[in-house]
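Q: Please take a close look at one small part of this structure and describe its surroundings in detail. Please then place that part in the wider context of the model, for a reader who has not seen it before.

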Amino acid sequence: MVGATLPISIVELLLSGAIAQSGHDAAGHAAAAASHAAPAAGSLGAVTGTLPQWTLLIPFLPLLGCVLCGVCAVLKIRNKLPALITVACLAGAFAATVGAYMQTVGGSGGGGGGGHHAQAAVVKAWDWISFHWRDNPSPSAAPDFVANFSFYVDSLTCLWMLFVTGLATLIGLYASEYMAGDLKTAGYARFYAAFCLFVFSMACLVMGDNLLLLYLGWEGVGLCSYLLIGYFYKKPSAVAAAKKAFIMNRIGDFGLSMGLMLTYVQFGTVEYAKLFPMVQGYLDLAQHGKMSEIPWMVQVIPVLFTLGAFGKSAQLPLYVWLPDAMEGPTPVSALIHAATMVTAGVYLVARFFPLYLCSEWALPIVAWGGALTALLAATIGMAQFDIKRIMAYSTVSQLGFMFAGLGVLGAVGGASHVFTHAFFKAMLFLSCGAVMHGFAGQLDLRKLSGVAWMPGWKIVTLAMFVGCLNLAGFPFITAGFWSKDMIIGDAMGNHGLQAIGWILLFTAGLTAYYTFRVFFRVFAGPVEYHPGDEVHAHADDHGHDHGHGEHAKGDETHDGSESRHASEHFHPHAPGWAINIVLLTLAIASFLIIPLVHPFGKAENTGDGHGHAAAFWSATMVGSSTAGVEPPHAEHAKFLGMTAHEGAMYASIAVGLLGIAVAFVLHYVGRRTAAVSKADAIRLGGVQTAAQHKWYVDELYHFLIVMPLRVLSHIFHAFDKLIVDGLVNLLGWMPRGAGHTVRRTQSGVMHDYALRMAGGVALIVLAIWFLNTPAGDGDDGDAQPPPAAHASVERAEGVEGVRP
Amino acid sequence: MLDTLTLAQASAPAPMQTGTLHHYLVVSALLFVIGLIGFVSRRNLIIMFLCTELMFQAAGIALIAFSRFWLNHTGETFVIFVLTIAAAEAALALALVVLLFRRKESLDGAKWSEMRG
C-alpha cells in the first residue's frame with residue numbers, strides 16, 4: 001500500500017524535474033530577484049530549533065500499524081487484534097505528538113500564555129531525492145533538487161497533528177466496536193490497515209518539510225480515502241462514490257502539482273526552510289502595497305494551490321464528492337471526511353499564507369469560494385433527510401467557513417475553526433454512526449424519533465446534543481461558537497469583503513436550523529423507529545451484523561401510525577462501551593478546548609479587529625508559524641457600530657438562537673409522528689424540491705461534463721472503428737479477398753494440375769520461341785545453329801587429319 | 001598416344017546429319033506428347049505412372065540424339081544416370097501407388113482431391 005503511493009510521487013518528480021529544467025533560467029532569475037527585493041531575508045519559516053529523533057515516531061508508528069494490520073490480514077487473524085494494534089500505534093503517535101508539541105512551544109502554549117516564540121525544527125528521516133542535473137562545476141556542490149524524507153515541525157504542524165493523531169486514536173477505538181460485524185471477513189484488518197496508512201499519509205502531508213512530501217501525503221490520503229469509501233466494494237453505490245471522490249480529487253491535485261512545479265521553477269526549491277525566506281522578499285513588497293512588482297508567476301502559484309485545496313476540502317465547484325463519500329463506514333466519514341483529511345486544503349492555505357498574501361487574486365478566490373460553498377451546502381443540508389448526508393453537507397459548509405476565514409485574512413479564525421470543528425464534527429458523525437449501527441442502517445430522519453428516551457442511548461444523545469450545540473454555534477458555552485464567531489468577525493472587519501461576513505452570518509442561521517432539525521426529529525419527540533434494511537444486506541458482506549432484526553422490514557412508505565407494527569420484532573442495538581467512551585471523551589473534550597480558542601476578554605479591548613490574535617492558544621499556534629505573518633493592510637471596518645468582532649458576536653448569537661428556535665417550533669412542537677412535521681406543510685414551490693435534489697448540481701455536471709465527454713467518446717469510438725480499424729482491416733482484407741478469388745483454381749484434381757503445368761511449360765516455350773526468333777527471320781529451324789558450327793570447328797581441331 | 005586416340009576415333013561413326021536429328025526429335029516429341037496426353041486423360045494411377053515414364057524416355061531419346069549429333073558423351077552419360085534414377089523412382093512410385101490403393105480401395109487418381117481450395 002505504501003508502494004502504491006510512491007510511483008505517483010516518482011512520476012511527479014520526473015514531471016517537476018523536466019519542467020524545472022526547462023525553466024532553470026527563470027528559477028535563477030527569481031532567486032536573484034528575491035534576494036534583491038529582500039536584502040535582509042526574514043526569518044519566515046526558518047529553522048530555529050531542534051527536535052529529538054523520536055519525533056519520527058509520529059508518522060512511522062502508524063506506518064508500522066499499517067504493516068502489522070497487513071500481516072494480520074495475511075495470517076487470517078479474525079479477532080480484534082488489528083484494532084488493538086492500531087489504537088496502540090496511534091496512541092503512541094499521539095503521545096509523540098504531545099511530546100513534540102511540548103518541545104516546540106516550550107510549554108508556554110496552553111491556555112493562552114501568549115508565548116510568541118515557538119520554534120520550528122526539521123527532523124530528517126533519510127535522504128529521499130537529491131540530485132544534480134545542471135553542468136555543476138563540482139560534484140560536491142549543493143544538489144539542484146532536494147526533497148528529503150524529513151519533517152518540518154512548527155506550531156501549525158503541532159496544531160494539526162494533535163487533533164489528527166488524537167482523533168484517529170479515539171475513532172480507531174470507536175471503530176473496533178462499529179466494525180465488529182466484519183470480524184469474520186478480511187475486512188476488519190483491511191479497514192485498519194487503510195486507517196493506519198491514512199494517518200501516516202496525513203502525517204506526511206502536514207509534517208513534510210517540502211512540497212513533494214506534502215504531495216506524497218496528499219496523494220496518500222486521497223488513496224486511503226478511496227480505499228475506505230469503497231470499503232463495501234460489493235455495493236455499486238460505494239464503488240461509484242469511491243471513484244467519484246478519487247476523480248474529483250485528481251482535478252484538484254492537478255492544480256496542486258502545477259503549483260508545486262511552478263514553485264520549483266520560480267524559487268528553485270521546494271523545501272519550506274529555504275522557500276519561506278524567499279517568499280519574505282515578495283511579502284515585503286506586498287506589505288508596502290507594491291503588488292505590481294511581484295512577478296505574475298508568484299501570484300499564480302497560490303491560485304493553483306487553491307484549486308488543489310478546493311478539491312481536497314470539497315469546495316465549489318469540486319465539493320460534490322464529499323456527500324457521496326458517506327458510503328464509507330461511519331468512522332471513516334468521521335475521521336477522514338469530516339475531521340482531518342478534508343482540512344488538508346485549509347492546512348495548505350494556512351501553511352502558504354505568506355505566499356497567498358503575495359497574490360492579488362488568491363485570497364479573494366479563497367474567500368468567495370468558501371463563503372458561497374458554505375451557503376450552498378447549508379441550503380442543501382436543510383432539505384436532506386439522510387442524517388449522515390446532512391452532516392456531510394454541514395462539513396462542506398463548515399469547510400467553507402474556514403476558507404472564508406482564511407480568505408478574509410483571518411488565519412487564526414480559520415485554523416481555530418478547523419480545530420474545534422474536528423472535535424464536534426467527529427462527535428456528530430460518531431453519534432449518527434451509533435444510531436445507524438443500532439437501527440440496522442436507518443439514516444432517514446423521518447423514520448426515527450425519540451432516540452433519547454430509549455434505554456442505553458443516553459451518552460449518544462448527550463454527545464449528539466453537545467455536537468449540535470457546537471455546530472449551531474450556541475453562544476458562549478461552545479467552542480464552535482467562538483471559532484465561528486472569529487471568522488465572521490474577521491469577515492465583517494474586512495472592508496472589501498464585508499459581503500462575505502453577511503453571507504456567513506446568514507449561513508450560520510441556516511446551520512443552526514438544520515442542525516437542530518436533526519436533533520429534534522431523531523432524538524426528541526415520541527419514541528418511534530423503523531429499522532433499516534441492513535439485515536438483508538449483511539449476507540453480501542455489508543458489515544453490520546446485528547443479529548437483532550431478523551424479521552425487520554424497512555418500512556418505506558407508511559406513516560408513523562403503522563410504525564409499531566413494522567418494528568414489532570426489531571430491538572435497537574444500543575452502543576457498547578467502546579462507542580460510549582469515545583463519545584463521552586469527545587463531548588468533554590469539546591468543552592475543554594473552549595479556552596484554547598477564546599481569549600476570555602483578555603485582549604478584546606484593543607479595539608482592533610485582530611486585536612486578540614496574540615492572546616490565546618490557537619492564536620499562538622497559528623501566529624508563531626508561517627501563517628502568522630501580518631496581513632498587508634490594517635484598516636478595519638466597523639459593524640453595527642461596534643468593533644467587528646463584538647458586533648459579529650451579538651449578530652451570530654441572534655441568528656444562532658433564531659435558527660434553533662425555528663427548528664424547535666417546526667420540528668419539535670409541530671410534530672406528532674416521526675414522519676410528519678409542520679415544516680413539511682410549508683410549501684416553497686420548487687425551491688424545496690430543488691434543494692432536496694442538491695440544486696441539481698450533479699445533474700448539471702453530468703450534463704456539462706459527462707455528457708459532452710460521452711458524446712465525444714462516441715465520436716472517437718466511431719472514428720476509431722471506421723477510420724483507424726477500417727484502414728487496418730482493409731489491409732487485412734486485400735490479401736484475403738485475393739486469396740478468395742484465386743483459391744478456386746485449386747481444384748485438388750491431379751490431372752488439372754498436370755494440364756496446367758503442361759500448358760504453362762508450353763507457354764514458356766512459345767514465349768522463348770518468339771523472343772529468340774529475330775523479327776524478319778521467320779522460321780529457320782532447318783538452319784544449322786551457329787554454336788554447332790563452332791563446335792564442329794572444335795571437333796575438327798580435336799581430331800586433326802581425320803576430317804578436312 | 002595420339003595413335004591410339006586416332007584409332008579409337010577412326011572407327012567412330014560419322015556425325016549425324018541434321019535431317020536425321022530431326023527424325024529423332026520428332027519421335028521424342030511424339031513420345032512426350034503421347035505420355036502427356038496419357039497422363040492427363042487417364043485416371044488409373046498405374047497408367048498415369050507409365051505415362052510419366054514415357055515422357056522420361058522421350059527426354060532420354062532427345063538427349064541421346066543430341067549426343068550423337070554433337071559426337072560427345074555428355075547426353076549419353078546423363079541418360080545413364082536418368083535411367084538409374086528412374087528405376088529407383090519407379091520402385092518408390094509403385095510402392096506409393098500400392099499405399100494409395102490401400103487407403104481408398106481404388107486406383108482412381110481423381111479420388112484424391114483433398115487439396116481442393
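A: Helices are DSSP runs of H or I with at least four residues, and they are numbered from the N terminus. By that count, A:Ala691 belongs to helix 28 of chain A, which covers residues 686–692. The model is a predicted one, and the description below should be read in that light.

The surroundings of A:Ala691 may be taken up first. A residue is buried if 20 or more other C-beta atoms lie within 10 Å of its own, and exposed if 12 or fewer do. A:Ala691 has 19 other C-beta atoms within 10 Å, and it is therefore partly exposed. Neighbours within four places in sequence aside, the contacts of A:Ala691 are A:Thr379, A:Ile380, A:Met382 and A:Ala383. A further link across the sequence concerns A:Ala377: this residue and A:Ala691 are separated by 314 residues in sequence, yet their C-alpha atoms are 9.5 Å apart in space.

These contacts lead to helix 15 of chain A, which spans residues 362–383. Helix 15 of chain A packs against helix 20 of chain A (residues 498–523), with an angle of about 25 degrees and axes 9 Å apart. Since angles under 35 degrees count as roughly parallel, helix 15 and helix 20 of chain A are therefore roughly parallel to each other. Their crossing is left-handed.

Two residues already named, A:Thr379 and A:Met382, appear again in this packing. On the side of helix 15 of chain A, the residues that meet helix 20 also include A:Ala367, A:Trp368, A:Ala371, A:Ala374 and A:Leu375. Helix 20 of chain A contributes, among them, A:Ile500, A:Ile503, A:Leu504, A:Phe506 and A:Tyr514. Sorted by class, the contact of helix 15 with helix 20 of chain A holds 14 nonpolar and four polar residues, and no charged ones.

Another helix pair of chain A offers a second view of packing. Helix 8 (residues 236–267) and helix 10 (residues 296–312) of chain A have axes 7 Å apart and an angle of about 155 degrees. That angle makes helix 8 of chain A roughly antiparallel to helix 10 of chain A. Here, too, the crossing of helix 8 of chain A past helix 10 of chain A is left-handed. Helix 8 of chain A brings to the contact A:Met248, A:Ile251, A:Leu256 and A:Leu262, among others, while helix 10 of chain A brings residues including A:Val298, A:Ile301, A:Leu304 and A:Phe310. The residues of this contact comprise 13 nonpolar, eight polar and two charged ones. The loop between helix 10 and helix 11 (321–324) of chain A contains A:Pro317. The peptide bond that joins A:Leu316 to A:Pro317 is cis, its omega lying near -5 degrees.

Chain A as a whole gives the setting for these details. Its secondary structure comprises 31 helices and six strands. Of its 804 residues, 52% count as buried. Contacts between residues at least 6 apart in sequence join residues at least 24 apart in 81% of cases in chain A; the link between A:Ala691 and A:Ala377, 314 residues apart in sequence, has been described above.

Confidence varies along chain A. The chain averages a pLDDT of 80, and 80% of its residues score at least 70. Among its elements, helix 7 (residues 211–229) of chain A has the highest mean pLDDT, 93, and helix 2 (residues 24–37) of chain A the lowest, 39. Over residues 107–116 of chain A the pLDDT stays under 50, and over residues 536–567 of chain A it is likewise below 50. Where pLDDT is low, the predicted coordinates should not be read in detail.

Chain B completes the picture. It has four helices and zero strands. Of its 117 residues, 12% count as buried. In the loop between helix 3 (45–70) and helix 4 (74–104) of chain B lies B:Leu71, a residue other than glycine whose phi is positive, near 55 degrees. B:Leu71 counts as partly exposed because it has 17 C-beta neighbours inside 10 Å. Where the chains meet, 15 residues of chain B are in contact with 16 residues of chain A. Helix 2 (residues 18–41) of chain B supplies the largest share of the chain B side, four residues. That side consists of eight nonpolar, five polar and two charged residues.

Notes. Residues are numbered from 1 along each chain as its sequence is written. Chains are lettered from A and ligands numbered from 1 in the order in which they are written. This is a predicted model: local features need pLDDT of at least 70, side-chain atom pairs count only at pLDDT 80 or more; totals for chains, interfaces and linings use all residues. Two residues are in contact if their C-beta atoms, placed from the backbone, lie within 7 Å. Ala, Val, Leu, Ile, Met, Phe, Trp, Tyr, Cys and Pro count as nonpolar, Asp, Glu, Lys and Arg as charged, and the others, Gly among them, as polar. pLDDT is the predictor's confidence in each residue, from 0 to 100. Axes are lines fitted to C-alpha atoms, for helices over the stretch in contact, and angles run from 0 to 180 degrees between N-to-C directions. Angles under 35 degrees count as roughly parallel, over 145 as roughly antiparallel, 65 to 115 as roughly perpendicular and the rest as oblique. A crossing is left-handed if the near helix is turned anticlockwise from the far one by less than a right angle, and right-handed if clockwise.
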